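Student: Could you take me on a close look at the largest cavity? What is its volume, and which residues lie nearest its centre?

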Amino acid sequence: MKKTILDCDTVALDEENGALVIIDQTQLPTRIELKFLTDIEDIWEAIYLLKVRGAPAIGVAAAIGVYLAVKDLQTDSMEVFSKKFKKAKDYLASSRPTAVNLFWALDRMEAVVTGHMQCGVGEVKELLHREAVNIRSEDIQVCRRIGEYALELVKPGAGLLTHCNAGQLAAVKYGTATAPMYLGQERGYGFRIYVDETRPLLQGARLTAFELQAAGMDVTLICDNMSSAVMKKGLVDAVFVGCDRVAANGDTANKIGTSVVAAVAKYYGIPLYVCAPTSTIDMSLPTGDKIPIEERSDDEVTEMWYEKRMAPAGVKVYNPCFDVTDHGLISGIITEYGMAKAPYEEAFREIFREKLNK
């Protein structure tokens, strides 16, 4: 049987070889290539260059990566070990500024070290290994629960639209925004799915369309500026998107162009749901204005994907990787503990109280 993208783990730990294993997403859809990364510099580069991408997958990769960075460190001193760990953690944290899962996962790993300074180095290494494995396994369950809640919001045969890639390729399994699509496919819902190509890096065209087609779904690829046309024709019943960070007031940062989709959906009265694990909610930021937005290289707009440069040499380029969708354009934010609705800060606090009690 021919191998498909769904037969490969997006991100995993190779125990035998001590390596972070990722699908190199820069090679998709034409080539499925696994990378076995052992050096922290290669792991940093993989995150920065989007070889592994998507908030949940970045978090898992960072957790495994920081564990591998200290796994073979030869010392009996917890003070030395802790300093080496902190250096590795800070280095990986510098790879991407917007996705809060990166910092959340690294902070979880650091808490293992700081909480066990009285233990031996060998024991702490084992605890770090266990935490990295747990972060990965938890991601699968979190995405599935998000999918179950999201599936309650739509009917069989519905037309769904998504932007960028918040799919299995952005997580370990199911994805966030695509979780209801995968579960719906398992249960015969027969969704019609419209995928924005998502310029300039084309994650929708290269990744989302690729993985959903591999899963046998009814997928139609559209250019980003076609979302209004399909909504006006009544082809879209709901929009599901992921996000990289959520502010306390419900503003969300997601791939550039998401705010446009949200504004158009609001105009046509179509609900837009943000699928967000609680790990992406940053209660320290009051509004989306405080979310750091990564700006990337000009050539992603002017040269990438083209045989020849398509813009005049020397032209100025503005290339933010994300935009912020105002909470007023969002119908609900779906977490693994259910859907939050405005006022979001109050709803998030209730969700975190529930999380603490479980």
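Tutor: Happy to! On a 1 Å grid over the protein atoms alone, a cavity is a set of points where a 1.4 Å probe fits but cannot get out, and its lining residues have an atom within 4 Å of a point. Grid points are joined across faces, edges and corners, and the volume is the space filled by probe spheres set on the points. This is a predicted model, in which local features need pLDDT of at least 70 and side-chain atom pairs count only at pLDDT 80 or more, while totals for chains, interfaces and linings use all residues. Residues are numbered from 1 along each chain as its sequence is written, and side-chain values use heavy atoms, with hydrogens and water left out.

Now to the space itself. The structure holds two cavities of 30 Å³ or more, and the largest has a volume of about 200 Å³. Around the largest cavity are 24 lining residues, with Arg-53, Gly-54, Ala-55, Asn-165 and Asp-244 nearest its centre. Two elements, helix 2 (55-71) and strand 9 (252-255), each give two or more residues to this lining; helices (H or I, at least four residues) and strands (E, at least two) are DSSP runs, numbered from the N terminus. Helix 2 contributes the most, with three residues.

By character, the lining of the largest cavity has twelve nonpolar, eight polar and four charged residues. Here Ala, Val, Leu, Ile, Met, Phe, Trp, Tyr, Cys and Pro count as nonpolar, Asp, Glu, Lys and Arg as charged, and the others, Gly among them, as polar. The second largest cavity has a volume of about 40 Å³.

Methods
1 Å grid on protein atoms, 1.4 Å probe; cavity = no way out; pocket = protein on both sides within 12 Å on 5 of 7 lines; lining within 4 Å.
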